[in-house]
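Trainee: I should like to understand how the terms used for this structure are justified. May we take them one at a time?

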Amino acid sequence: MKKVKANIVIVGGGIAGLWMLNRLNKKYSVVLIENEALGSGQTLYSQGLILPRSQEVGDVTGRRIQKVWRDCLNGFGDVDLRTSKIISDAQTLVASKGVLARMSNFMKSFKYKHLEDVEVYQEPTIPVEKEGQFYQLKADVLDMRSVLESLAKHHMRDIYKADIEEYLHEGTKLKALKLKQGGHHVVVESDVFIFTAGKGNLRALQELGIKRPQKMTKEQTSLMVKSVPFALNGAYTLSNGENMYVSSHASSEGGYIWYISGPWLNKLAETDLDRIRKMKQIVKDTFSDISFEECLWSAVHYAVPQQEDWATTKRHKVYYSGNSVVAWPANLTTVPLLADEIVTWAKSSVKKPLVQDLDLGFPQASYGLYPWESPERNWHR
Ligand SMILES: Cc1cc2nc3c(=O)[nH]c(=O)nc-3n(C[C@H](O)[C@H](O)[C@H](O)COP(=O)(O)OP(=O)(O)OC[C@H]3O[C@@H](n4cnc5c(N)ncnc54)[C@H](O)[C@@H]3O)c2cc1C
């Protein structure tokens with residue numbers, strides 16, 4: 001069986017794994033293993049809102065994260081995102097009808113004061129209810145597939161599609177991973193193993209003997225609506241004060257696809273059809289001039305990683321075990337902070353940088369689809 005030696009193996013090709021690959025493979029021999037498609041975990045299911053929340057990271061860090069992303073997008077940051085597409089350079093904070101919604105929206109605008117600019121919209125460019133109160137936030141919304149492409153395209157020969165067949169230990173240390181794809185098997189020994197596999201991190205924790213929380217994933221639902229005549233990107237406060245997040249994507253069939261998410265959508269109703277029915281009413285009430293009658297709706301289900309204390313900490317999670325680390329970002333916005341921490345650790349853990357290119361002989365991983373691109377999706381009027 002083929003055996004290769006690397007400095008660093010990264011498991012998981014979402015935003016976190018690819019960001020770290022870019023930071024590390026200038027000096028070390030690094031391979032990234034993805035068992036499905038790049039971004040097919042949470043990253044392509046996200047809204048792409050770059051939104052450092054001060055209550056999670058503090059004002060100073062929030063401003064710094066925003067600058068890190070801007071620098072990367074302009075080509076002078078830690079990673080080169082010059083070919084990534086910005087869907088919008090501003091996010092709208094819009095409130096549904098009702099006093100509570102407007103109050104919550106106002107409070108939200110306050111929370112984001114640490115970002116560059118928050119303006120009250122004087123001349124609305126979206127057809128929101130006339131007495132609606134809304135804000136514009138100078139914060140980017142990114143097309144996440146183009147971000148993944150910027151991160152992966154120069155490193156494709158180090159990114160492989162393969163499954164982990166076995167974890168090979170030497171004493172308490174992880175020595176190698178036995179990988180497989182089709183009938184082909186390869187053992188990759190490495191100085192350091194970085195697991196950024198989203199919900200796939202569960203098995204790594206088990207294999208590394210790291211005590212894990214009882215419940216690792218939680219089910220969530222998002223809604224999509226297509227052929228909307230205008231774009232909305234940002235946060236949407238409902239009349240009960242709850243939040244939803246929206247991103248808008250130009251559709252080849254005309255108009256925009258709105259992608260709507262937020263934990264609250266699960267509570268909205270028991271079934272997808274009821275969720276869609278209630279959501280139709282909500283958007284109709286807020287955007288009273290627009291008809292959503294001709295639009296098509298669909299629900300998306302997925303599992304997000306969850307840890308016992310996530311609800312309160314909202315910080316990225318990192319578990320170290322010898323030469324291995326298992327990590328989750330709190331959200332994609334804070335991936336640069338997570339990468340800083342792990343890159344520093346990895347550099348200090350690799351004793352002798354190897355310069356050779358590795359060839360595992362597996363196929364390259366391809367890019368995943370956005371949820372609205374899936375050919376099997378059911379759409380409802
Ligand atoms: C609906 C939704 C909206 C969101 N919106 C935002 C937002 O607007 N702004 C924001 O900052 N954050 C947002 N987030 C959060 C953000 O998407 C995630 O925090 C981030 O994408 C996580 O990235 P990741 O690389 O850790 O994980 P993932 O993107 O899940 O990547 C993990 C990868 O590992 C692979 N994998 C799994 N198991 C294995 C294995 N055994 N071997 C090899 N590969 C494996 C998976 O296939 C996957 O590609 C949102 C999340 C959701 C669900």
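Mentor: Let us begin with a definition: helices are DSSP runs of H or I with at least four residues, and strands are runs of E with at least two. The model is a predicted one. In it, helix H1 (15–24) and strand S2 (30–34) each supply at least two residues of the shell around the ligand.

Trainee: What makes a residue part of that shell, and how many residues surround the ligand?

Mentor: The C-beta atom, placed from the backbone, must lie within 6 Å of the ligand. By that criterion 36 residues surround the ligand, with Gly 12, Gly 14, Gly 41, Gly 198 and Gly 200 the closest. H1 provides the largest share, three residues.

Trainee: Why is the ligand shell said to lie between domain 1 and domain 2?

Mentor: Residues of the shell come from both domain 1 (2–46 + 147–214 + 309–371) and domain 2 (90–139 + 217–305), so the shell lies between them.

Trainee: Which residues touch the most other members of the largest nonpolar core?

Mentor: They are Ile 8, Val 9 and Ile 194, in a core of 100 residues. H1 gives this core its largest share, seven residues.

Trainee: How do you know that Val 9 touches Val 31?

Mentor: Contact requires C-beta atoms within 7 Å. Val 31 is among the residues that Val 9 touches, as are Ile 33 and Leu 177.

Trainee: What makes S17 and S18 a pair?

Mentor: Pairing requires at least two bridges. Strand S17 (residues 317–321) and strand S18 (residues 324–328) have five, in the antiparallel sense, and therefore count as paired. Val 318 has Ala 327 in S18 as its bridge partner.

Key:
Residues are numbered from 1 along each chain as its sequence is written. This is a predicted model: local features need pLDDT of at least 70, side-chain atom pairs count only at pLDDT 80 or more; totals for chains, interfaces and linings use all residues. Domain bounds come from an automatic or database domain assignment. A nonpolar core is a set of buried Ala, Val, Leu, Ile, Met, Phe, Trp, Tyr and Cys residues joined through C-beta atoms within 7 Å. A residue is buried if 20 or more other C-beta atoms lie within 10 Å of its own, exposed if 12 or fewer, and partly exposed in between; C-beta atoms are placed from the backbone. Two residues are in contact if their C-beta atoms, placed from the backbone, lie within 7 Å. Lists of a residue's contacts leave out its neighbours within four places in sequence.
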